[in-house]
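Please open the structure in your viewer and keep the selection tool at hand. This tour goes from one selection to the next, and at each stop it says what is to be found there.

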Amino acid sequence: MTTTSTVQVAAVTAATVTPTPAPSFTSQPNISPASGTAGTATFTATAGNVSNGSITSRSWTINGTVISTGLTASPASSGTLTYQETATGPGGTTQSTVQQVTVATAAAAAPAFTSQPTVSPSTGTAGTTYTATPGAVSNGTITSRAWSLNGSVISTGLTATPASGGTLTYQEFATGTGGSASSSVLTRTVSAAASTLVLSPNALSITSNAAAGTLVSNISNVPADVAPTVAPNDGRLIIAGDAASGWKVVIGMSTLSAGTINYTPPTYPGCIWTGAQMAAFVNILKPAMSAAGFGHVRVLVGDHNWHNLSGYTGANGGHLVRDVFAEVMAGDLVDGAAVHGYSTTGKNEFELVRTWSRNAKETHFTEMCLVGSLSNKVSLQQHLANAIIGGIRAGQNSVTFWNLFLRPLSGGRYQPFAPSYAQVAPCATISTDGNGTMVKRPEYMALVHLLKVMKPGARRCYSTTIGVGEASLEVQNVAFANRDGTTGVLLYNNADTTKSVSLIDGPSGLVSYLTLASGDIVSVNYTAPKGVPATGTVSAPGPVTGLSASSVSNTNTLAWTAPAAPDAGGLGGFLIKRGAAAGAATLVVGAAAAGETSFADIDVVAGTTYFYQVFALSAGGLSASSPEASVTTVGATTAVPGAPTIAVTPGNAQNVVVLSSAPADNGSAITSYNLYRSTTPGGQGTTPLVTGVTFPYTDTGLTNGTPYYYTASAVNGVGQGPKGVEQSGTPTVASANVKPGPGLLISDDTGGNAQTAKGAFPGSGWSNTSYTYTPATSASSNRNAVIGPDGVTQDASTQTFTNTGTTSGYASVECGTPTAVGSGTLTGSIWLRGKVGGELLELTLMADPHTNILKQNITLTTSWAKYTIVQPSPTAANKAVLGVGYRPNTFNGSMSFDSAWPNLTK
């Protein structure tokens, strides 16, 4: 049987599929601003518009590196900044057009003084040493300093000692990648050194119970215009007599005790003994006290400001404290010395105190009070670094500060020390606001921190320190073992920067790490674990290795390899020492923490060679030795010096060449100058006329009427700089000024150097410009040692006037007639030359005895010039005097000028 299958076929119709479109940007994104600077600019994107999708990511790149995926970006570096968006939809992914801008490099920040330098002391006299504390600089370093006295630079270091009175200024200069900056100018008024009449001998023996008016001593050789005084003027001794009858010292009040009265210094109404005199008194005092039951009372000698301890000499010579200690009997009886200080430093006295301590003599700091500069830093340096840390480490037995509390007044003064002690600071102040508000000064905080670590009955224990005293700009410390079993450590960071230190307990080997900002005080008390032995032996580390030194931009950089830690305490850091010669590195210039192996010394001078050593520090002390490395400091720039400026003054068959202005040294000190000459403009060539010339230079043997052309160059450690602007001079006979005849004067051709006495007129041996009217305010120097107006003969002198604040009168260098003048016109003349130009003087023609009859104002230049004054009808019966003086009320300080050839004619 046959079976038939039926297959049914269904018709299939293909459906039409429409593809999903891809996303696309209907508007592109954009970014703003169009340009900017790295580190400061923030760029913002405005998103594009997308169809068939949405923005799913963004990307900012700088030089190909992605820095942001948001709508903003702040590039830290310069280059090409790009921005692109990515859109995604059902139909796929697409990206926007790349947007880009250029980012500029940020300009380097200019250096700036974050703190200004300070100068101490605030006042002083000629001969006082002023010290600067450097300011702090951001974005650069201090590259130079300048001390100027009356506009002239006298020092470029951290100290200056003006030799005369005037206005002293100090300023620092910093440089960095972003430019340069100058500190504020600090100004100090320097008083001229006082002129003192010394009575010899200055120790006078007084009879017991001498009556008032009893003659003590005659005073001889008193100048006619000087009235002697006695100090202190307390009535015990007085001045009697006068210039005509003679000056005397007599008893001013009766019942004076017999003995020696010494009036030095003059500010206190008491006696100052020599060491021998004080020793003799101790030999009486101490046995008498013991016999009276007071043998336990300590006898201290001295009581001086401790900066005077190593230099003070008594009235008749000798060291007060040292001489008492050395005396056979008193040396055993006396218990020690007392010292105190008022804005004085002890940085040089620690070894002296240490010596006394070794010899079983006590040292007690009995008084300390800040005077003058009341800054927090100065207070901490003197009270904490000097009196507490430095003194106690040296063996000092006690510290006393005064006053504890004072009431503040206006102008930085404190009651009751106003106005005579206007700048005396207490430990704290209590206001008068009715609430008794207390303000704690640095002196107070120094005592508080000391009392935290030094408890009653404490004994100082051994601790290593990098330095002590205000001169050491490092972290300093002193440590104490207290009766309660704790160890107390007082630390003070006297550096201008933040310092990190390791605090290592020797017996246990425990280590703590501390970071102290500049000026920080930290008091630490701890109890070491009982029965925990040190791991290994506590010992000093070995020496560093691989010490090297390099220099760039006024900075000497040291690098080294640290030694292995000697024990479980590890290394505590490194001590850096410097010297000016091989084997002489003794000055501590800084320190580095345990993890540091480099140090930058910035307190250096370009062109100077320094020698360095680096010592490792641990609980066992400093390493016993160190390699040495030396380097010559390279300045901020290494260029040759600039071009000097010269001036030429012609004379008879000669030209005098002077250095008008020194050039910039460009980072390396100028060592010499070269002088070039030719007889044609610009024809000097390359061979100097004089190598290493000394200015002023007199070029002699020239031909009168022939012009000579000069130029000069400067030399420093880098090399010779460019030549300066050419100057010329034509020697002629006419250019040589002619010295006048003696006229009415005794001839001044003798060249004598004797200065005539006031009230007398020139006699035989009188020399030009030798008559001094007011000795206290004028002085003559380089007598007949200055080349005069003729350009050849050394027959001129230098005169210096010093105004001490007077408003009338004048200081004068004069000449006069030996006899009375008759009737008829009288003419006075003198040749003068200013040192700087613009000196305001007064030419005076007078009749004896110094009666002004005619005045004429003159202004000097830096060239010799003849000045004349004429009196048509002088007084016939008197002698005549020609005077040169400063104009009253025109200057305060000192002025100098050269003078020659004074003359009077009829």
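Begin by selecting Tyr-83, which in this predicted model counts as buried, since its relative accessibility is 0% and buried means under 20%. Now add Trp-60, which is likewise buried, with a relative accessible area of 0%. The two rings have their centres 4.6 Å apart and their planes at 50°, so the pair is a tilted one. Colour strand S6 (residues 54–62) and strand S9 (residues 79–89) to see where the partners come from: Trp-60 lies in S6 and Tyr-83 in S9, so the pair ties together parts that are 23 residues apart in sequence. The structure holds 6 aromatic pairs, and the pair of Trp-60 and Tyr-83 is one of them.

Next, select the strands S2, S4 and S8, which form an open sheet in the order S2-S4-S8 with antiparallel pairing. Strand S2 (30–32) and strand S8 (72–73) stand at the edges, and each has a single partner strand, so one side of each is left without a neighbour in the sheet. Between S2 and S4 the antiparallel pairing runs over 3 bridges, and if you pick Ile-31 you can look for its bridge partner in S4, which is Ala-45. On the other pairing, strand S4 (residues 43–46) meets S8 in the antiparallel sense over 2 bridges, and here Phe-43 has Ala-73 in S8 as its bridge partner.

Stay with S4 and show its side chains. In a regular strand the side chains alternate between the two faces of the sheet. Along S4, Phe-43 and Ala-45 point to one face and are buried, whereas Thr-44 and Thr-46 point to the other and are not buried.

Now move along the chain to Gln-396, which you will find in the loop between helix H5 (376–393) and strand S31 (398–399). Is this residue buried or exposed? At 7% relative accessibility, Gln-396 counts as buried. Its side chain has a polar atom 2.9 Å from the backbone oxygen of Ala-387, and the side chain of Gln-396 also reaches the backbone oxygen of Ser-398, at 3.3 Å.

From there, select the largest nonpolar core, which has 20 residues, and among these Leu-384, Ile-388, Leu-490 and Tyr-492 touch the most other members. The elements that give two or more residues to this core are strand S30 (362–371), H5, H6, strand S38 (475–481) and strand S39 (487–493), and H5 gives the most, with 7 residues. Apart from this core lies another one, of 18 residues, among them Leu-841, Leu-845, Tyr-867 and Leu-882.

For the last stop, select helix H6 (residues 442–453) and set a distance between its two end C-alpha atoms. At 1.5 Å a residue, the 12 residues of H6 should span 16 Å, and the end C-alpha atoms are 17 Å apart, which agrees. Then highlight the buried residues of H6, which are Pro-442, Glu-443, Ala-446, His-449, Leu-450 and Val-453. Seen down the axis of H6, these buried residues fall within an arc of 130°, so they line one face of the helix. An α-helix has 3.6 residues a turn, so residues three or four places apart point the same way.

Technical notes: Residues are numbered from 1 along each chain as its sequence is written. This is a predicted model: local features need pLDDT of at least 70, side-chain atom pairs count only at pLDDT 80 or more; totals for chains, interfaces and linings use all residues. Side-chain values use heavy atoms; hydrogens and water are left out. Helices (H or I, at least four residues) and strands (E, at least two) are DSSP runs, numbered from the N terminus. The expected span of a helix is 1.5 Å times one less than its number of residues. Buried means under 20% relative accessible area, exposed over 50%, partly exposed in between (1.4 Å probe, protein chains only). The arc is that of the directions from the helix axis to the C-beta atoms. A polar contact is a pair of N or O atoms within 3.5 Å; within protein, one must be able to donate a hydrogen and the other to accept it, and residues adjacent in sequence count only if both atoms are side-chain atoms. A nonpolar core is a set of buried Ala, Val, Leu, Ile, Met, Phe, Trp, Tyr and Cys residues joined through side-chain atoms within 4.5 Å. Two strands pair if DSSP finds at least two bridges between them. Rings of Phe, Tyr and Trp (its six-membered ring) pair if their centres lie within 6.5 Å; planes under 30 degrees apart count as stacked, over 60 as edge-to-face and the rest as tilted.
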